[in-house]
Every structure is written in structure tokens, then in C-alpha cells.
Amino acid sequence: MAQAAAVAKPPAPPRRRRASATPRRLPYLLIAPAALLMLGFIAYPVISVFYYSLQNYNPTKPWRNGYAGFDNFTKIFTDDPAFWDTLTFSAKWVFVEVGLQLLFGLALALIVNQTFVGRALGRAMVFSPWAVSGVLTSAIWVLLYNSQTGITRYLADLGIGSYGTSWLSDTSTVFPAAIVADLWRGVPFFAILILADLQSVSKDLYEAAEVDGASRLKQFWHITLPHLKDAIVLSTLLRAVWEFNNVDLLYTLTGGGPAGETTTLPLYIANTSVDAHNFGYASALTTVAFVILLFCSMVYLRLSKFGGEDK
């Protein structure tokens, strides 16, 4: 037994310390305040809109307030011609604006992507309108379209048109006038995103295409456009949503007129809530607009195969 006691016992293996859960949770704890603030500022208004869409809520007529169920939605689809008129104009506005902004933005991005004297100044001039707020943009174009001191006055001095003409008051010219005003601010958005993606295209591809005898048009069609696909899809989707929700420019330029010719669905919602104080019905209109945008966005991303490889 003495000999057995004399034999040295192997040291016991060290006990594994239990990993603390705090380091794993630390990132979530750090972002928790910002996440809670975002949840409060986003989730609460959305839930409130859904709630009031089922209510009759007009602060000026409190005796009519109460639960309405789906009456507001029924009225939208069966007894509100203004909804269909404004929705149709909204679709027209988005289609024309986004299409023209993409076309001119792509052209400008291709131009300022070239090497030429004064390129930095040219890029700054192209991108500067995007830094101007929507209200300030509207104020600039209101002055430009002023019948006494604006463009029409100088055109009349040249013998083009007549004095006192107001493009924003004529139903035949108000739409193109508003389109031009919004183009001035929207085109730089596409130019910025597309230019950023253009600069990542390898020049070796173009050199190889030139060696193979490909023309500039074929290089653009088979190299540039496929590379820009995701940038174009994302930018058009974002801009379409913003243009659909555009209120500040049209409200300042035309107020939805003349005769409701430029009233979009969001502007109709704003007038229903702010002017008519019918917040319940305006919330129902907002809910319908949200569903329309969500559905169209999902279909667009699915059809465009955003983020996927071209086959």
C-alpha cells in the first residue's frame, strides 16, 4: 500500500469554465435602444393607421366616431370615384417619371463616367439638384412657371405664346410642366447610383470586346446593361415608391389642380385627413395604398429576379 501511495497520481483535468452569456448578448444589448426607438417610431404609426382604418374618426364630428368595421374599405371600392381617378393618375405619374428619370439618369451617368476636362465640376453640377429639398425644388419651379416673371414671360417676348400664360393653370400643360420640375430633382438619383456601379465594371471586358470587333452599342447591351441590372432594379423600385408617395412637389406646384388633374392618391389622402379631418377614411385609404405598393414591389422583384444570376 505504501508503494501504491508513493505512485504519483495524474493531475486532475482542469475544470472547464462555463462561457459567459454576456459577451454573446452584448451586441444585442448595445443596439436595443436604437431598435426600440425605431420600433416605436415605425410600428406605432403603422398599427395606429390599421386601427383607425376600422373606425369612423373625425375630431370635428365626435358624435359620429366609433367602430366602422370594413365600411371604409367598402366605400373606397364601391362608392368613391375619386379613389380610382387618383390611383390611375398615380400610376401614370410613377410610370412616366420613373421611366424618364431612368433614361436621363443612365445617359448622364454614362457621360460623366468618361474622362474629360472638368469632369469633377460636371459631376457636381449633375448631382447638385438631388441635394435640394422637395419644398425648395417646388418653390424654384413655381417662380420659373410664374406667368409674370417666369419662362412664359420671356417666351412671349420672343413671340412664342402669349403674355399671362400659366402652364400650371392649364389642364393641357400642367402635367408635362410638373413632370419637368420633378425630373430636375429625380434624374441625379439614378445618375449617382448607376455611376457608382459603372465604376466597378472591369475595363478588361471592354478591351476584350473591342478586340473581338464588338461595337459600342453591343458593348453597352452585352456588358454594361447586364452589370447594371441590380442597380437599375433597386433604383427604379425605390424611386417608384417615392414618386407614388410624392406629395410636397405636386401640393406646392398645383395643389392637385387644376380641376383635380394632378391629384395623386397620397395627395388625396392628405386632403382627406388634413382638410376634411376624416382620419378614419384617410387611414383606410392609406392601408389600401400600402397593400398596393407591397404587392407591386413583391411582383416587381420576383419578375426582375433581383439579386439572382441571369440564365
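A259 counts as exposed, because its relative accessibility is 79%, over the 50% required. The place of A259 is in the loop between helix 11 and helix 12. Although A259 is not a glycine, its phi is positive, at about 55°. I should say at once that the model is predicted, and that every value I quote this morning is computed from it.

The loop that holds A259 has a further feature of the backbone. P258 also lies between helix 11 and helix 12. The peptide bond that joins G257 and P258 is cis, with omega at about 0°.

Let me move along to the loop between helix 12 and helix 13, where H277 lies. H277 is another residue other than glycine with a positive phi, in this case near 60°. Is H277 buried, exposed or partly exposed? With a relative accessible area of 31%, H277 falls between the limits of 20% and 50%, and therefore counts as partly exposed.

H277 brings us to T272, since the two residues are in contact. T272 is found in helix 12. Why does T272 count as buried? Its relative accessible area is 9%, and the limit is 20%, so T272 is on the buried side. Leaving aside neighbours within four places in sequence, T272 is in contact with N278, Y281, A282 and L285, as well as with H277.

I turn now to the interior. In soluble globular proteins, nonpolar side chains tend to be buried together. In the present chain, the largest nonpolar core has 46 residues, and W93 and L265 are those with the most contacts inside it. Which elements give two or more residues to this core? They are helix 3 (71–78), helix 4 (81–112), helix 8 (174–198), helix 10 (216–244), helix 11 (248–253), helix 12 (265–275) and helix 13 (279–304). Helix 8 gives the most, with 14 residues.

W93 merits a closer look. Setting aside its neighbours within four places in sequence, we find W93 in contact with F175, A178, I179 and D182. The list of its contacts continues with E243, N246, L249 and L250.

One more residue deserves mention before the overall picture. L136 lies in helix 6, which covers residues 134–144. L136 counts as partly exposed, because its relative accessibility of 46% is between 20% and 50%. From L136 to D248 the separation is 112 residues in sequence, while their C-alpha atoms are 9.6 Å apart in space.

Finally, the chain as a whole. It has 13 helices and two strands. How does the radius of gyration of the chain stand against that of a compact globule of 311 residues? The globule would have a value near 19 Å, but the chain has 29 Å. Along the principal axes, the C-alpha atoms fill a box of roughly 125 × 75 × 35 Å.

Of the 311 residues, 34% count as buried. Among contacts with a separation of 6 or more, 70% are between residues 24 or more positions apart. The accessible surface comes to about 20100 Å², and carbon and sulfur atoms account for 67% of it. As for charge, there are 23 positive and 20 negative side chains, and the centres of the two sets lie 19 Å apart.

Definitions and conventions
Residues are numbered from 1 along each chain as its sequence is written. This is a predicted model: local features need pLDDT of at least 70, side-chain atom pairs count only at pLDDT 80 or more; totals for chains, interfaces and linings use all residues. Side-chain values use heavy atoms; hydrogens and water are left out. Helices (H or I, at least four residues) and strands (E, at least two) are DSSP runs, numbered from the N terminus. The radius of gyration is taken over C-alpha atoms; the globule rule is 2.2 Å times the number of residues to the power 0.38. Buried means under 20% relative accessible area, exposed over 50%, partly exposed in between (1.4 Å probe, protein chains only). Contact means heavy atoms within 4.5 Å. Accessible areas come from the Shrake-Rupley method with a 1.4 Å probe; for residues, only the protein chains shown count as cover. Lys and Arg count as positive and Asp and Glu as negative; His and the chain ends are not counted. The place of a charge is taken as NZ of Lys, CZ of Arg, CG of Asp or CD of Glu. A nonpolar core is a set of buried Ala, Val, Leu, Ile, Met, Phe, Trp, Tyr and Cys residues joined through side-chain atoms within 4.5 Å.
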